[in-house]
Amino acid sequence: MIDLFSVSKVYKSGGPPAISCVNLHVEQGEFIFLVGPSGAGKTTLIKLISREELPTSGRILFLNNDTAAYKPPELLRHRRLMGMVFQDFRLLKSKTIYENVALALEVTGRPPQEIKAKVPAVLARVGLAGKEEAFPSELSGGEQQRAGIARAIVRDPLLILADEPTGNVDPETARGLMELFEEINRGGTTVIIATHAWDLVERMKKRVIALDKGRIIKDERQGSFNHAH
Ligand SMILES: Nc1ncnc2c1ncn2[C@@H]1O[C@H](COP(=O)(O)OP(=O)(O)O)[C@@H](O)[C@H]1O
Ligand SMILES: [Mg+2]
C-alpha cells in the first residue's frame, strides 16, 4: 500500500534531515506503531505519507502511485483515502459532535440522506451514541478523541494516520482508544500510530517501527517499545 524508497526530508537546506534514507513497505491492513524520542521524525514521516510534506529526495508510492507526481485531483483523492487523528483532537468548538463528523462528508458532496444515516452509525461505533448534540467542550478528552476518530473513519478511509492520539488523555482512556483503533483495523483499515504510550505498545504486539534522528533503527513484527532503545 505504501512504499518509501530512500526517502529523506530536510526542512532547512544545510540543516539536519528530519527523515534520513528511510525505506519502508506497508501492506494494506497492517497496524503499525511509530515510536522514538521527541524530534525523531515521527510527525514528519506521517506528513510525508499524507503528502502534507514532500520528500527532499527519494520516492513515496501510495497504491503504486508516486505521490510527488500528483496533480490536484489526485492529491484530493489521496487525502480522501486517509483519515487523520491528532493529539489535540482539532474539533471545531462552535459545532456539535454530529456537525463535526458530518462536515467530513459534506465537503465531499455526499447526499444529505447518506449523511443523516452514516453520522449516527459512526458515532455509535466509537461509543458516542447520545452525544450527537454535545459541543466538544462538553465532552471529556477521551470522548473528544473518539469524535476525532469518528470524523477520521466516516469516509471509510483505507488508512488512518494518528499522531500521538493518546497524548492528551489518561492511561486508562488511552487503552480504550487503542482498543478502538484495533477494532477499526480488524475491519481492514490500515492504521499507523505515532505514540509515546510504551506500555500499550508493549501489550498490543503490533508491528513497531522505531525512529531515531530520522532513521529507522528498528522494525519488528509484534515488537515492543523497550527493545528499540
Ligand atoms: N516545519 C518544520 N520546519 C523545520 N524543522 C522541522 C519542522 N518540522 C519538524 N522539524 C524538525 O524535524 C525534526 C523531526 O521532527 P518531528 O517529525 O516533529 O519529530 P517527532 O514527531 O518524532 O517529535 C526535528 O528536529 C524538528 O525540529
Ligand atoms: Mg511529533
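**Exercise 1. A lysine with positive phi**

Is K205 buried, partly exposed or exposed? Work this out on the predicted model shown above, then describe the backbone and the setting of K205.

*Solution.*
Step 1. Begin with the accessible area: K205 has a relative value of 45%. Buried means under 20% and exposed over 50%, so K205 is partly exposed.
Step 2. Now look at the backbone. Phi of K205 is near 55°, which is positive in a residue other than glycine.
Step 3. Finally, place the residue along the chain: K205 sits in the loop between α7 (198-204) and β9.

**Exercise 2. A phenylalanine with positive phi**

Find F89 and work out whether this residue is buried or exposed.

*Solution.*
Step 1. Trace the chain to the loop between β6 (82-86) and α3 (97-106), where F89 lies.
Step 2. Check the backbone angle: F89 is not a glycine, yet its phi is positive, at about 70°.
Step 3. Turn to accessibility. F89 has a relative value of 9%, so it counts as buried.

**Exercise 3. The surroundings of ligand 1**

List the residues around ligand 1, sort them by character, and find polar contacts to the ligand.

*Solution.*
Step 1. Collect the neighbours. Around ligand 1 you will find Y11, A18, P37, S38, G39, A40, G41, K42, T43 and T44.
Step 2. Sort this shell: four of its residues are nonpolar, five are polar and one is charged.
Step 3. Look for short distances to oxygen atoms of the ligand. The side chain of T44 has an N or O atom 2.6 Å from one of them. In T43, a polar side-chain atom is 2.8 Å from a ligand oxygen. G41 uses its backbone instead, with an N or O atom 3.0 Å from an oxygen of ligand 1.
Step 4. Ask how much of the ligand is covered. Ligand 1 taken alone exposes 560 Å², and the protein buries 59% of that.

**Exercise 4. A buried acid**

Which side chain of opposite charge is nearest to D163, and how far away is it? Then look for a polar partner of D163.

*Solution.*
Step 1. Locate D163 in strand β7 (residues 159-163).
Step 2. Search for an opposite charge. The nearest such side chain is K47, at 6.7 Å. A salt bridge needs a nitrogen and a carboxyl oxygen within 4 Å, and D163, although buried, has none.
Step 3. Search for polar contacts instead: the side chains of D163 and T43 are joined by one of 2.7 Å. You met T43 in the previous exercise, among the residues around ligand 1.

**Exercise 5. Three salt bridges**

The structure holds 13 salt bridges. Take E30 with R207, D156 with K118, and E172 with R175. For each pair, say where the partners lie and how accessible they are.

*Solution.*
Step 1. In the E30–R207 pair, the closest N and O atoms are 2.9 Å apart. Distant parts of the chain are linked here: E30 belongs to the loop between β2 (19-26) and β3 (31-35), while R207 is in strand β9 (residues 207-212), 177 residues apart. Both ends are buried, E30 at 9% relative accessibility and R207 at 7%.
Step 2. D156 and K118 meet with an N to O distance of 2.5 Å. D156 is in the loop between α5 (141-153) and β7 and K118 is in helix α4 (residues 112-125), so this pair ties together parts that are 38 residues apart in sequence. D156 is exposed at 52%, whereas K118 is partly exposed at 22%.
Step 3. E172 and R175 have their closest N and O atoms 3.4 Å apart. The two residues are three positions apart in helix α6 (residues 171-186), which means about one helical turn separates them. E172 is exposed, at 52%, and R175 is partly exposed, at 31%.
Step 4. Look for shared partners: E30, R207, D219 and R221 are joined into one network of salt bridges.

**Exercise 6. A buried alanine**

How far apart are A194 and P111 in sequence and in space?

*Solution.*
Step 1. Find A194 in strand β8 (residues 190-194). With a relative accessibility of 0%, A194 counts as buried.
Step 2. Compare with P111: the two are 83 residues apart in sequence, and their C-alpha atoms are 34 Å apart in space.

Definitions and conventions:
Residues numbered from 1 in each chain as written. Chains lettered and ligands numbered in written order. Predicted model: local features only at pLDDT ≥ 70, side-chain atom pairs only at ≥ 80, totals over all residues. Heavy atoms only, no water. Near = heavy atom within 4 Å. Polar contact = N/O pair within 3.5 Å; in protein donor to acceptor, adjacent residues only side chain to side chain. Areas by Shrake-Rupley, 256 points an atom, 1.4 Å probe, with all protein chains shown as cover. Nonpolar A, V, L, I, M, F, W, Y, C, P; charged D, E, K, R; others polar. Helix = DSSP H or I, 4+ residues; strand = E, 2+ residues; numbered from the N terminus. Buried < 20%, exposed > 50% of the residue type's maximum accessible area, 1.4 Å probe, protein only. Lys, Arg positive; Asp, Glu negative; His and termini not counted.
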